[in-house]
Amino acid sequence: MSHVPQPLSYNEHQLSLSEVIGALSYALDLTEGQPPGHCIRCCWIGFHIGQKLGLDSTTLWDLYYTLLLKDAGCSSNAARLCDLYGNDDRSTKRDFKSVDTDNIAQLVQFVLAHTGVRGPLAERFKRVFNLARQGERLAIELIQTRCERGAKIAKQLGFGERVAEGIFSLDEHWNSHGKPLGLRGTQIPLFSRIALLAQVIDVFHHVGGSSAALREIRARSGSWFDPELVDIALEFERHAGFWAALRSDDIGSLVQDIEPEARALTVDDELLDNIAEAFSQVVDAKSPYTAGHSERVALYTDVLASKLGIDASRRRWLKRGALLHDLGKLGVSNSILDKEGSLTDDEWREVRLHPAYTEEILTRILPFKDLAIVAGAHHERLDGKGYPKGMMATELTLETRIITICDIFDAITADRPYRGPIPVPQALEIMGRMTGTALDTDCYRALLECVHEMGL
C-alpha cells in the first residue's frame with residue numbers, strides 16, 4: 001500500500017494567511033457561479049480603491065480580507081434559491097450579479113428567464129406568481145441568510161468587527177434600495193461600499209472589458225454606489241496595468257504581493273484547523289442534507305486513523321483533508337444535490353467533477369499538494385471503478401482509504417433527498433459487501449471496532 005510523503009513543514013514553506021484564504025476563495029467562486037478568481041480580482045480592484053482613498057495599512061488589511069471573503073456566506077442560501085426559482089442556483093446567482101435591481105424591466109426579464117425553465121408551464125407560472133407577490137420579502141430573506149452566515153464565518157476565522165460588518169452589508173445600496181436593512185449613504189460601512197463596487201466592476205469587465213465595467217458603474221453612481229468611490233474607480237480608465245493584472249494568469253500572486261506587510265500573518269497549526277473547519281461549514285451549508293457531514297467525516301477519520309496507528313501530527317493533517325474533502329461540491333448545483341429522483345447521465349457527470357474541484361483548489365496551497373491528492377481521491381475505489389480518475393488500489397493511500405470509508409459511512413447513515421437514514425447495523429452490512437472492491441478491508445475492520453467503542 002502506498003503512502004503520501006510527509007507534508008512540508010512550515011520551515012520549508014512559510015505559509016501566509018493571504019495564500020490560504022486566497023486559494024480557498026476559489027471555492028466561493030464555484031458556488032456563486034463566477035469565473036475562477038472572482039474574489040481574488042475583486043480584492044485587486046477594491047484594494048486599489050482603498051489605496052486611492054488614503055486608508056492606513058491596518059484598515060487596508062481589514063479591507064483586503066473583506067474582499068477575499070465577501071462571498072463567505074454564499075452557500076447558505078443556495079438550496080432556498082434553487083427551491084424558489086426551480087432552476088440551477090449557480091447560473092441564477094451568476095446572472096443576477098449583472099442585474100440592476102433598480103431597473104424594473106431588467107428585474108422582470110431576469111425572473112422570467114430563470115424561473116421554472118425546466119418544469120411544466122403550470123409550475124413555472126406558479127413560481128413566477130410567487131416571486132411577483134412575495135419577491136421583496138423573499139429577497140430580504142435570501143440576502144439576510146447569506147449576510148449573517150458570511151459575517152459569522154469571518155468572525156470564526158478570527159477577523160474583527162470591521163471585516164464582519166463589511167461582509168454583512170455587501171448588498172446595501174447608496175440609495176437605500178439594497179438589502180437586508182435598507183441602509184442609505186454613509187450608513188453603509190465603507191468596506192461594503194467598496195466591495196459591491198469591486199464586484200460589479202469584475203462581473204462586467206469579465207464580459208465586456210474595462211469600457212463595459214466603467215460604463216456600468218457610471219450608470220449606477222448615486223443609486224447603487226457611493227459617487228466618490230465611483231469617481232476614484234473611473235481614474236483607473238487610464239491605467240492599462242491595472243486592467244492587464246485582472247486578465248493575468250498570475251493575478252493570485254499579484255494579490256498576495258499587495259497584502260499590507262505591516263499586518264501580513266503566517267499561519268500556524270491552530271489557525272489552519274480553524275480555517276479548515278470554517279470552510280467545511282461553508283460546504284455543508286449548501287444543502288440541508290449535508291449539514292454537519294464534513295465535521296462528522298473528520299471526527300470518524302481522526303478516530304479511525306488513531307485506531308490504525310497513525311501518529312497525532314499526521315492525524316491532525318489528515319483531519320483537515322477530511323474537513324475539506326467535499327469543497328468541490330460548492331461547484332454542483334442544488335438542483336442535483338437535493339434532487340429526489342434518479343440523476344440523469346449529465347447530472348452524474350457534474351457530480352463526478354466535485355472531487356477534481358477539491359483537488360484543484362487545495363493544490364493552490366503549496367503545503368497542501370499531498371493533502372489535495374488524498375482528499376480529491378475520496379470517491380476512488382480499490383478496483384479502479386471510482387471517480388474522477390479511476391485510480392487503482394496501488395495508487396490509493398491509507399489516508400485516502402480512511403476518508404473514503406468514513407465518507408461512505410456518514411452518507412449511508414444520514415438523511416438524503418431520495419431516502420431516509422439507514423440504521424447503523426444495516427449500513428455496516430452494506431459496507432461489508434463493498435470490502436475488497438470499493439473499500440479497504442483493514443479500514444472496515446477498524447471501523448467496526450470504532451463504531452462499537454463509540455456506541456454508535
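**Thr-301 and its surroundings**

I began with the contacts of Thr-301 in this predicted model, and, leaving aside residues up to four places away in sequence, I noted that Thr-301 touches Leu-318, Ala-322, Ile-402, Ile-403 and Cys-406. I placed Thr-301 in helix α14, which spans residues 293-307. Is Thr-301 buried or exposed? Its relative accessible area is 0%, and because anything under 20% counts as buried, I entered Thr-301 as buried.

**Helices α18 and α19**

Next I looked up how α18 (residues 354-363) lies against α19 (residues 369-376), and found that their axes come within 8 Å and cross at roughly 170°. Since that angle is over 145 degrees, I wrote the two helices down as roughly antiparallel. On the α18 side the contact is made by Pro-355, Thr-358, Glu-359, Leu-362 and Thr-363, which meet Lys-369, Ala-372, Ile-373, Ala-375 and Gly-376 of α19. Sorted by class, this contact holds 5 nonpolar, 3 polar and 2 charged residues.

**Helices α1 and α2**

I then turned to α1 (residues 17-31) and α2 (residues 38-53), whose axes come within 7 Å and cross at roughly 115°. Which residues of α1 meet α2? I listed Gly-22, Ser-25, Tyr-26, Leu-28 and Asp-29 from α1, and these meet His-38, Cys-39 and Ile-40 in α2. By class I recorded 4 nonpolar, 3 polar and 1 charged residues for the contact of α1 with α2.

**Aromatic rings**

With ring centres required to lie within 6.5 Å of each other, I arrived at a count of 12 aromatic pairs. I looked at Phe-236 and Phe-242 in detail: their ring centres are 4.2 Å apart and their planes stand at 10°, so I entered the pair as stacked, the cut-off for that class being under 30 degrees. I also checked the burial of these two residues, and both Phe-236 and Phe-242 are buried. Elsewhere I followed ring pairs that link Phe-47, Trp-61, Tyr-64, Tyr-65 and Phe-159 into a cluster.

**Charges over rings**

My last search was for charged ends placed over aromatic rings, and I noted Arg-220, whose charged end sits over the ring of Trp-224 at 4.3 Å from the ring centre. I also noted Arg-314, whose charged end sits over the ring of Trp-317, with 3.7 Å to the centre of that ring.

Note on methods:
Residues numbered from 1 in each chain as written. Predicted model: local features only at pLDDT ≥ 70, side-chain atom pairs only at ≥ 80, totals over all residues. Heavy atoms only, no water. Phe/Tyr/Trp six-rings, centres within 6.5 Å; stacked < 30°, edge-to-face > 60°. Buried < 20%, exposed > 50% of the residue type's maximum accessible area, 1.4 Å probe, protein only. Lys NZ or Arg CZ within 6 Å of the ring centre and 35° of its normal. Helix = DSSP H or I, 4+ residues; strand = E, 2+ residues; numbered from the N terminus. Contact = heavy atoms within 4.5 Å. Axes fitted to C-alpha atoms, helices over the stretch in contact; angles between N-to-C directions. Parallel < 35°, antiparallel > 145°, perpendicular 65-115°, else oblique. Nonpolar A, V, L, I, M, F, W, Y, C, P; charged D, E, K, R; others polar.
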